Amino acid sequence: EMNLFLMLHALGLGHELHGEHLLPIGTVYDPFVCRGLDALIYALYNGARFVVVGTPAGITLAPEGGAHQSSITPSIGLELPGLDYAEPAYAQAVDWLLCDGLRRLGRPDGASLYLRLSTRPIDQQPFEELLGSSDRELLRHDVLAGGYRLREPIDRPAEVVLATCGPVVPEVLEAARILDAEGLPSIVVDLTSPDRLYREWRHSLRAASRHARTARPTFHLAKLLAPHERGLPIVTIHDAASHHLAWLGSVFGTRTVPVGVDEFGQSGAIADLYHAFDLSSDQIVNAALIATS
């Protein structure tokens, strides 16, 4: 892992060393991002540009347990300067983010890209249906900006927001279906890059502070939720440390129930491990009931 990041470091500085940009892409077992962290940090510090794909990731890597199941890597991706972390659930979103990430490698204001992916097969139909009923370019813009509305409530206004990313999206969609049936409609927001969402929100606050003015909700997360929806309670669901998405509640000052992986995992089937860490559909429904109680 250390050698991988050292190589990406060298290849990612091709524009400085040889006057020509390269497009380095490296893959690493996601839990081992931590093992090469020193080399990754120094590569970014020196301005190297590359794409790193961490896969498989989380407890969704069900047959292997313990330290082989990453939990803090999304937080590393979000907090490191010079690196855009993204965790898409659907193939088209992966395509858009990867192509955009490669384009950004050569931009003066660009960054490296960390894609946290999974080997879990995901039904692509929900995204295909959304793509068929939406403006393709607007949806692509939302995916690249950090998130989009994947599912709308049926018949009634939403009473809770389910915010998720990565391979747990199918469980969240099933939970939304159950909640609709129980009279608690929800919005499902797929966060393709919590990093970009957080950074834009943070930059808006910093700009307001530096210029002594009121912060205006012009960042992308505010565009995803209408003004009357911003006060809704939020349940965050992620195959990673629960705190990684818990900040969402502070954006609009709403009640938040974070669901995630805060212990070392076991080995087993995906469904069994999801149940053990409250990521099953029924448990997400319970979390939504708690958020709205």
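This dialogue works through selected local features of a predicted model.

Trainee: Where should one begin with a charged side chain, and in which element is Arg149 found?

Mentor: One may begin with the element and then turn to the partners. Arg149 belongs to strand β5, residues 148-151. The Arg149 side chain forms a polar contact of 2.7 Å with the side chain of Glu152, and another of 2.8 Å with that of Glu229.

Trainee: Which residues beyond its sequence neighbours is Arg149 in contact with?

Mentor: With neighbours within four places in sequence set aside, Arg149 contacts Leu130, Ile187, Val188, Leu224, Leu225, Ala226 and Glu229. Glu229 is thus in that set, and it is also the side-chain partner at 2.8 Å.

Trainee: How is the packing of two helices read, and at what angle do α6 and α7 pack?

Mentor: The angle between the axes is read together with their separation. Helix α6 (residues 125-133) packs against helix α7 (residues 136-145) at about 130°, and the axes lie 8 Å apart. Angles from 115 to 145 degrees fall outside the parallel, antiparallel and perpendicular classes, and α6 and α7 are therefore oblique to each other.

Trainee: Which residues of α6 and α7 meet?

Mentor: From α6 come Phe127, Leu130 and Leu131; from α7 come Arg136, Leu139 and Val143. Five residues of this contact are nonpolar, one is charged and none is polar. Leu130 in α6 is also among the contacts of Arg149.

Trainee: How does one judge the length of a helix, and how far does α13 reach from its first C-alpha to its last?

Mentor: The end-to-end distance is set against the expected span. Helix α13, residues 281-292, has twelve residues and reaches 17 Å, close to the 16 Å expected at 1.5 Å a residue.

Trainee: Which residues of α13 are buried, and what covers them?

Mentor: An α-helix has 3.6 residues a turn, so residues three or four places apart point the same way. In α13 the buried residues are Ser281, Gln283, Ile284, Val285, Ala287, Ala288 and Ala291. Their cover includes β6 (160-164), α8 (169-181), β8 (234-237), β9 (256-259) and α12 (270-276).

Trainee: Is Val160 in strand β6 buried or exposed?

Mentor: Val160 is buried, because its relative accessible area is 0%. Among its contacts outside the four-place window are Leu179, Ile187, Val235, Ala288 and Thr292. Ala288 is one of the buried residues of α13.

Trainee: What surrounds Tyr85 in strand β3?

Mentor: Tyr85, in strand β3 (residues 83-86), is likewise buried at 0% relative accessible area. Residues that Tyr85 touches, beyond four places in sequence, include Pro74, Tyr114, Arg116, Cys165, Asp195, His238 and His244. The side chains of Tyr85 and Glu87 make a polar contact of 2.5 Å.

Trainee: What should be noted about the backbone?

Mentor: Most residues other than glycine have a negative phi, and most peptide bonds are trans. Here Thr55 and Pro56 are joined by a cis peptide bond, with omega about -10°. Pro56 lies in the loop between β2 (51-54) and α4 (73-79).

Trainee: Where are Asp155 and Ala212 found?

Mentor: Asp155 is in the loop between β5 and β6 and, though not a glycine, has a positive phi of about 75°. Asp155 is exposed, with a relative accessible area of 79%. Ala212, in the loop between α9 (194-210) and α10 (220-224), is not a glycine either and has a positive phi of about 50°. Ala212 counts as exposed at 73% relative accessibility.

How values were computed: Residues are numbered from 1 along each chain as its sequence is written. This is a predicted model: local features need pLDDT of at least 70, side-chain atom pairs count only at pLDDT 80 or more; totals for chains, interfaces and linings use all residues. Side-chain values use heavy atoms; hydrogens and water are left out. Helices (H or I, at least four residues) and strands (E, at least two) are DSSP runs, numbered from the N terminus. A polar contact is a pair of N or O atoms within 3.5 Å; within protein, one must be able to donate a hydrogen and the other to accept it, and residues adjacent in sequence count only if both atoms are side-chain atoms. Contact means heavy atoms within 4.5 Å. Axes are lines fitted to C-alpha atoms, for helices over the stretch in contact, and angles run from 0 to 180 degrees between N-to-C directions. Angles under 35 degrees count as roughly parallel, over 145 as roughly antiparallel, 65 to 115 as roughly perpendicular and the rest as oblique. Ala, Val, Leu, Ile, Met, Phe, Trp, Tyr, Cys and Pro count as nonpolar, Asp, Glu, Lys and Arg as charged, and the others, Gly among them, as polar. The expected span of a helix is 1.5 Å times one less than its number of residues. Buried means under 20% relative accessible area, exposed over 50%, partly exposed in between (1.4 Å probe, protein chains only).
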